[in-house]
Amino acid sequence: MDDIAREKAQRTAPPARGGGAARAARAPARRAPAPAPVEEEEDDSGDAVADPWSREARELESPRSPIDDPEVLLDDARSFLRELEGGDRIAFWGATLVVLSCFMPWKETAEGGDFLGLISLGFISFLFAVATMVFVGLRARQVMTWVNPMLPWGAQMFCSVVTLIWSLVFLKLSSDTTLVPSPLGNAEMMNSSPSIGCFLGILGGVIAVLGSLMGLKRQE
């Protein structure tokens, strides 16, 4: 009986082992779980930061100045001209006319030809006209609030009067009616005569003086 039981056990054991092996072979091998994809953190701060070379970035980093941005200078000039009123505006544009006239001929001579106001004695009128414009700006912007308002006006009036007087003096000095041979042809011409720049300087000086007088009424 024992032999029969052992034979039955031997007959049934191998198929069991074989079936388990077959099932093990048929079972799919478990793979290691794939690593989860690492999501790159979006650098929002990088998108928010503007280009360091852009105009907006420069404006954020430092205040706008006329040296860095010429548009600031133009805006200041426009606002300044809008702030001028009455006599100040007249005086400013009169002095501006004198300054522009100095880039024109102020004197014509038979020997040397035309002389610009900047390279002749008209340069003195140029300096006082610029000073007149500066004092008009100081008064309009109320820069020197700690001094008597009459002091900037007095300086402006003095500069405008000197501009006018020196333009008249230059007119007298540049007039030499002595006739000399003309360099062109056989005609004769005056040795020296004032040019259009000198007359524009006189006109600008008169306008600047009138504007300064009207500014006195405003001060009162």
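Two strands count as paired if DSSP finds at least two bridges between them. Strands (E, at least two residues) and helices (H or I, at least four) are DSSP runs, numbered from the N terminus. You're working with a predicted model, where local features need pLDDT of at least 70, side-chain atom pairs count only at pLDDT 80 or more, and totals for chains, interfaces and linings use all residues. Residues are numbered from 1 along each chain as its sequence is written, and side-chain values use heavy atoms, leaving out hydrogens and water.

**Exercise 1. Work out how strand 1 and strand 4 pair, and place them in the sheet.**

Step 1. Find the two strands: strand 1 is residues 105-109 and strand 4 is residues 188-194.

Step 2. Check the pairing: three bridges join them, in the antiparallel sense. Across the pair, Glu108 sits opposite Ser193 in strand 4.

Step 3. Zoom out: four strands make an open sheet in the order 2-1-4-3, with antiparallel pairing. Strand 2 (113-116) and strand 3 (176-181) are at the edges with a single partner strand each, so one side of each has no neighbour in the sheet. From one strand to the next, the twist averages 30 degrees (axes are lines fitted to C-alpha atoms, and angles run from 0 to 180 degrees between N-to-C directions).

**Exercise 2. Describe the surroundings of Gly117.**

Step 1. Locate Gly117: look in the loop between strand 2 and helix 6 (123-141).

Step 2. Is Gly117 buried or exposed? Buried means under 20% relative accessible area, exposed over 50%, and partly exposed in between (1.4 Å probe, protein chains only). Gly117 has 0%, so it is buried.

Step 3. List the contacts (heavy atoms within 4.5 Å). Leaving aside residues up to four places away in sequence, Gly117 touches Cys102, Met104, Trp106, Gly122 and Phe123.

Step 4. Compare sequence with space: Gly117 and Cys198 are 81 residues apart in sequence, and their C-alpha atoms are 7.7 Å apart.

**Exercise 3. Explain why Cys198 forms no disulfide.**

Step 1. Recall the cut-off: a disulfide is a pair of cysteine sulfur atoms within 2.5 Å.

Step 2. Apply it: the closest cysteine sulfur to that of Cys198 belongs to Cys102, 9.8 Å away, so it is too far for a bond. The whole structure holds zero disulfides.

Step 3. Check burial: Cys198 is buried at 0% relative accessibility, and Cys159 is buried too, at 7%.
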